[in-house]
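Got your viewer open? Here is a walk through the model, one selection at a time.

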Amino acid sequence: MVKILHTADMHLDAPFTLEDPSLSEVRRGDLRSAFSAMMMYVKDNSIDLVLIAGDMFDSEFVSKETVSLVVKEFSKLPDCKFVISPGNHDPYTAGGVYKKTEFPDNVFIFSEPSLSYISFDDLNVDVYGYAFTSSTMERNPFTGRKPLNPNRINILLAHGDTSSPISKYCPITENDIAESGFDYIALGHIHTGKEPTKAGETCYAYPGCLEGRDYSEAGHKGALTGSFIKDENGFRYNMKAIRFSRRRYAVERLNVTGSSNNDEIAEAISKVIVKNGYGDDTLLRVTLEGNVTPELKINKKVIERQLRDLYTFDLIDNTLPLYDCEALKYDPTIKGAFFEALLPMLEKGTAEERELAAMALRYGLCAIDGTDIIDFE
Ligand SMILES: [Mn+2]
């Protein structure tokens with residue numbers, strides 16, 4: 001039995017584009033500590049083989065601190081073998097991090113765009129792989145090739161894209177996988193992790209990224225781990241996803257039709273928070289939708305104060321001021337005329353026009369009433 005951990009797309013040193021630059025630094029630290037937590041798991045569970053399917057670094061140029069952290073973590077586990085297939089974000093190049101860094105003897109890095117393999121006799125494993133040597137790869141180098149020794153546990157470590165046959169990032173089709181003859185294809189590139197599945201006799205999986213970098217990478221992130229066995233009964237695997245991410249992004253859409261004050265909206269958001277167990281590890285974005293009363297001025301600060309502790313809270317207001325607007329519709333004063341003028345845009349405009357008209361109505365009503373839209377806390 002061989003104990004495996006399959007990871008990819010750590011994107012160490014990725015620039016986090018957050019509004020607060022100090023928070024970006026915290027998030028880069030989160031990413032490094034997720035990596036260290038994963039290495040701790042490798043140690044505690046006596047993992048034999050760590051498969052890193054590319055984009056370990058966010059670019060071929062990374063900070064010295066991060067490189068030395070990685071080297072130190074790998075050195076601390078001399079009995080574990082680390083195999084790396086450089087991806088499109090950390091290609092193997094002459095001046096790049098893989099070429100320039102002195103890694104310990106237990107680290108094996110593919111350096112050619114053609115298929116090659118490394119034999120681990122003590123584990124009865126052959127790991128095949130290749131390297132991106134630039135930011136693109138038009139075709140995968142393993143189609144038509146078969147593993148040489150069928151008695152081995154044959155693994156392909158591959159950064160590549162199964163989402164499109166014309167991808168610039170090493171396209172891999174389900175047919176390529178089914179025909180490959182490998183026991184397990186450890187993939188990297190797609191950041192949403194999936195449990196291992198089979199095409200033909202070949203099992204394959206993306207572990208997803210290690211730590212979400214923005215709202216498009218929501219949810220807990222981690223790696224796949226488990227064991228491989230190959231004997232007279234053939235190849236068997238047992239893999240599960242383990243969380244290593246320090247924090248998670250979460251995105252919620254909430255219909256708040258009928259709401260007439262911020263407290264009601266805060267209560268509705270609180271319910272979502274409790275239901276999903278969001279807490280101080282969560283960067284939550286809520287998009288509000290639906291029709292609210294024209295008088296309601298949605299205020300993020302007022303709402304946020306009523307929510308239980310989150311790591312960060314972001315609010316997008318896509319509501320329209322069309323709930324219970326009969327009084328306004330028939331208002332004989334300038335307010336009614338103003339509303340009537342904006343109504344076609346509010347009801348039938350494009351999303352952009354509706355947003356603009358909603359804003360115009362809210363600001364306009366404030367101006368007519370002589371209240372300040374900024375000062376409504
Ligand atoms: Mn990639």
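What you have loaded is a predicted model. Start by selecting α5, residues 262-276: this helix lies across β13, β14 and β15, and runs at about 135 degrees to β13.

**The three-stranded sheet**

Now colour the strands under that helix. They form an open sheet of 3 strands, ordered β13-β14-β15, and the pairing is parallel. Which strands stand at the edges? β13 (248-255) and β15 (312-317) do; each has a single partner strand, so one side of each is left without a neighbour in the sheet. Going from one strand to the next, the twist averages 15 degrees.

Zoom in on β13 and β14 (residues 282-289). The two pair in the parallel sense over 8 bridges. For a landmark, show Ala250 and look across to β14, where Leu284 stands opposite.

**The six-stranded sheet**

Next, hide that part and bring up the other sheet. This one is open too, with 6 strands in the order β4-β3-β2-β1-β11-β12 and mixed pairing. Its edge strands are β4 (107-109) and β12 (234-243), each of which pairs on one side only. Here the twist averages 20 degrees from one strand to the next.

Select α1 (residues 21-44) while you're here. α1 packs on the sheet and touches β1, β2, β3, β11 and β12, with a direction that makes about 175 degrees with that of β1.

**β1 and its two partners**

Pick β1, residues 2-7. Of its 6 residues, 5 are buried, so β1 is largely enclosed by the rest of the structure. How does β1 pair with β2, and over how many bridges? In the parallel sense, over 4 of them. Two pairs are handy for checking the register: Ile4 sits opposite Leu49 in β2, and Leu5 sits opposite Val50 in β2.

Then turn to the β11 side. β1 and β11 pair in the antiparallel sense over 5 bridges, and Val2 stands opposite Phe228 in β11.

**Out along β11**

Keep β11 (residues 222-231) on screen and click Leu224, which is found in this strand. Is Leu224 buried or exposed? Buried: its relative accessible area is 2%, which puts it well within the buried class because the cut-off for that is under 20%.

Show what surrounds Leu224. Leaving aside neighbours within four places in sequence, its contacts include Ile4, Leu5 and His6. Also among them are Tyr184, Pro196, Tyr206 and Met239. For contrast, draw a distance from Leu224 to Val26: C-alpha to C-alpha it comes to 25 Å, with the two positions 198 residues apart in sequence numbering.

From β11, move on to β12. The two run antiparallel and are joined by 10 bridges; Gly226 is a good place to look, with Met239 opposite in β12.

**β2, β3 and the helices**

Swing back to β2 (49-52). Show its side chains: Leu49 and Leu51 point one way, Val50 and Ile52 point the other way, and all are buried. On the β3 side, 4 bridges join β2 to β3, and the strands run parallel. Val50 faces Phe82 in β3 across this pairing.

Add α2 (64-75) to the selection. Together β2, α2 and β3 make a right-handed β-α-β unit.

Now put α1 back next to α2. They pack at an angle of about 5 degrees, and their axes are 10 Å apart. That makes α1 roughly parallel to α2. To see the interface, show Arg32, Phe35, Ser36 and Met39 from α1, which meet Thr66, Leu69, Val70, Glu73 and Phe74 from α2.

**Last stop: the manganese ion**

Finally, centre on the metal. Which residues coordinate the manganese ion? Asp55 (OD), Asn88 (OD1), His159 (NE2) and His189 (ND1) do, at 2.1 to 2.4 Å. Written along the sequence, the spacing of these donor residues is D-x32-N-x70-H-x29-H.

Follow the chain away from Asp55 and Asn88, and you are back in familiar territory. Asp55 lies in the loop between β2 and α2, while Asn88 lies in the loop between β3 (81-84) and α3 (97-100). These two are 33 residues apart, so to speak a link between distant parts of the chain. Both Asp55 and Asn88 are buried.

Technical notes: Residues are numbered from 1 along each chain as its sequence is written. This is a predicted model: local features need pLDDT of at least 70, side-chain atom pairs count only at pLDDT 80 or more; totals for chains, interfaces and linings use all residues. Side-chain values use heavy atoms; hydrogens and water are left out. Donors are N, O and S atoms within 2.8 Å of the metal (3.2 Å for Na, K and Ca); water is not among the atoms, so sites may look incomplete. Buried means under 20% relative accessible area, exposed over 50%, partly exposed in between (1.4 Å probe, protein chains only). Two strands pair if DSSP finds at least two bridges between them. A crossover is right-handed if, with the strands pointing away from the viewer, the path from the first strand over the helix to the second runs clockwise. Contact means heavy atoms within 4.5 Å. Axes are lines fitted to C-alpha atoms, for helices over the stretch in contact, and angles run from 0 to 180 degrees between N-to-C directions. Angles under 35 degrees count as roughly parallel, over 145 as roughly antiparallel, 65 to 115 as roughly perpendicular and the rest as oblique.
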